[in-house]
Each structure stands twice: as C-alpha cells, then as structure tokens.
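Q: Please take a close look at one helix of this model. Describe its residues and its ends, then set it in the context of the whole chain.

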Amino acid sequence: MAAKLLPVLKLATKVTIAGGALYVTYDSGLLGGSEQGSEVLGKAKAAIPPAVDEWVKYFGFELPAVPKMGFSPVEAWNSGVQSSISALSSGPTALGGYTNQGLQYLKDLTK
C-alpha cells in the first residue's frame, strides 16, 4: 500500500509546488505587461537585499559582494527575442526565394 501511495504523494507535492509558484508569479504581476514586470522587478530589488542581510546575520556567515554587470541582461534578452521572432517571421519568404532559386538552378541544368 505504501509503495503505491509514495509516487502519488510525490507527484501531488510537485504539482502543488509548481502550482503555487505559478500562482505567486501571476499574482505578483510577472506575467502581465512590461510595465507591471518593471514594477515587480523594482520591488524585488528593494526587498531582496534586506532579506539576504537578515539571513546572513541569522546563519552567521559572510557573502561575497555582488559583481557589477556592464550590460543589461534585459536588453540582451529582448534583442535575442526580437532577432528570433524576426527570423521566424521572414522564414516563409526566404524559403520561397530559396525554392525559386533551386527550381531555376534545376531548369538551367536540364537545358
């Protein structure tokens, strides 16, 4: 009985954790527009350092300083997404052009 119940319990636990994470993400506004996302990011940047300091004091160890980044990951991510979507949107047109070139090449070969 316990051997059959354990996998079901494990699955239920995983689904509950995933559902809770999705609920918190949706409730905080991370799945909304870019304005909501920026607002939530600002709130997180304001809330995380005091929480980390509290945990450091509680556990009694020192964390290394956070390195400064010379670029914005958000801008890099957005440019990557834009490039991918641009390539996907121009794909059918490019494929049609390549098909026409291939057909023309085959016609030239058979002459």
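A: Gln36 sits in helix α2. The model is a predicted one. With a relative accessible area of 42%, Gln36 counts as partly exposed, because that value falls between the 20% limit for buried and the 50% limit for exposed. From Gln36 to Gly102 the chain runs 66 residues. Their C-alpha atoms are separated by 48 Å.

Ser34 belongs to α2 as well. Its relative accessible area is 54%, so Ser34 is classed as exposed; the cut-off for that class is over 50%. Look back along the sequence to Leu11. Ser34 and Leu11 are 23 residues apart in sequence, and their C-alpha atoms are 33 Å apart in space.

Now the helix as a whole. Helix α2 covers residues 34–59, 26 residues in total. Its first and last C-alpha atoms are 36 Å apart. At 1.5 Å a residue one would expect 38 Å, and the value found is close to that. After the helix comes Gly60. The phi of Gly60 is positive, near 75 degrees.

Next, the covered side chains. Gly37, Val40 and Val56 are the buried residues to note in α2. What do the buried residues of α2 pack against? Their partner is α1, residues 2–28.

One charged pair deserves attention. Lys43 and Glu39 join their side chains in a salt bridge, at 3.6 Å from N to O. The structure holds one such salt bridge. Both Lys43 and Glu39 belong to α2, and they are four residues apart, about one turn of the helix. Residues three or four places apart point the same way, because an α-helix has 3.6 residues a turn. Lys43 has a relative accessible area of 53%, which means that it is exposed.

The partner helix comes next. α1 has 27 residues, which should span 39 Å at 1.5 Å a residue. The end C-alpha atoms of α1 are 38 Å apart, so expectation and model agree. How many residues of α1 are buried? The number is zero, so α1 lies largely in the open. Just after α1 comes Gly29, with a positive phi of about 100 degrees. Gly60, after α2, has a positive phi too.

Step back to the chain. The protein chain has three helices and zero strands. Along the sequence the pattern reads α-α-α. Of its 111 residues, 4% count as buried. The accessible surface comes to about 10,100 Å². Carbon and sulfur atoms account for 68% of that surface.

The overall dimensions follow. The radius of gyration of the protein chain is 26 Å. A compact globule of 111 residues would have a value near 13 Å. Along its principal axes, the C-alpha trace spans about 80 × 55 × 30 Å.

Last, the domains. The domain assignment gives domain 1 as residues 10–68 and domain 2 as residues 69–110. The C-alpha centres of the two domains lie 37 Å apart.

To return to the helix itself: α2 reaches 36 Å from first to last C-alpha, has Gly37, Val40 and Val56 buried, and holds both Lys43 and Glu39.

Methods:
Residues are numbered from 1 along each chain as its sequence is written. This is a predicted model: local features need pLDDT of at least 70, side-chain atom pairs count only at pLDDT 80 or more; totals for chains, interfaces and linings use all residues. Side-chain values use heavy atoms; hydrogens and water are left out. Helices (H or I, at least four residues) and strands (E, at least two) are DSSP runs, numbered from the N terminus. The expected span of a helix is 1.5 Å times one less than its number of residues. Buried means under 20% relative accessible area, exposed over 50%, partly exposed in between (1.4 Å probe, protein chains only). Contact means heavy atoms within 4.5 Å. A salt bridge is a side-chain nitrogen of Lys or Arg within 4 Å of a carboxyl oxygen of Asp or Glu. Domain bounds come from an automatic or database domain assignment. The radius of gyration is taken over C-alpha atoms; the globule rule is 2.2 Å times the number of residues to the power 0.38. Accessible areas come from the Shrake-Rupley method with a 1.4 Å probe; for residues, only the protein chains shown count as cover.
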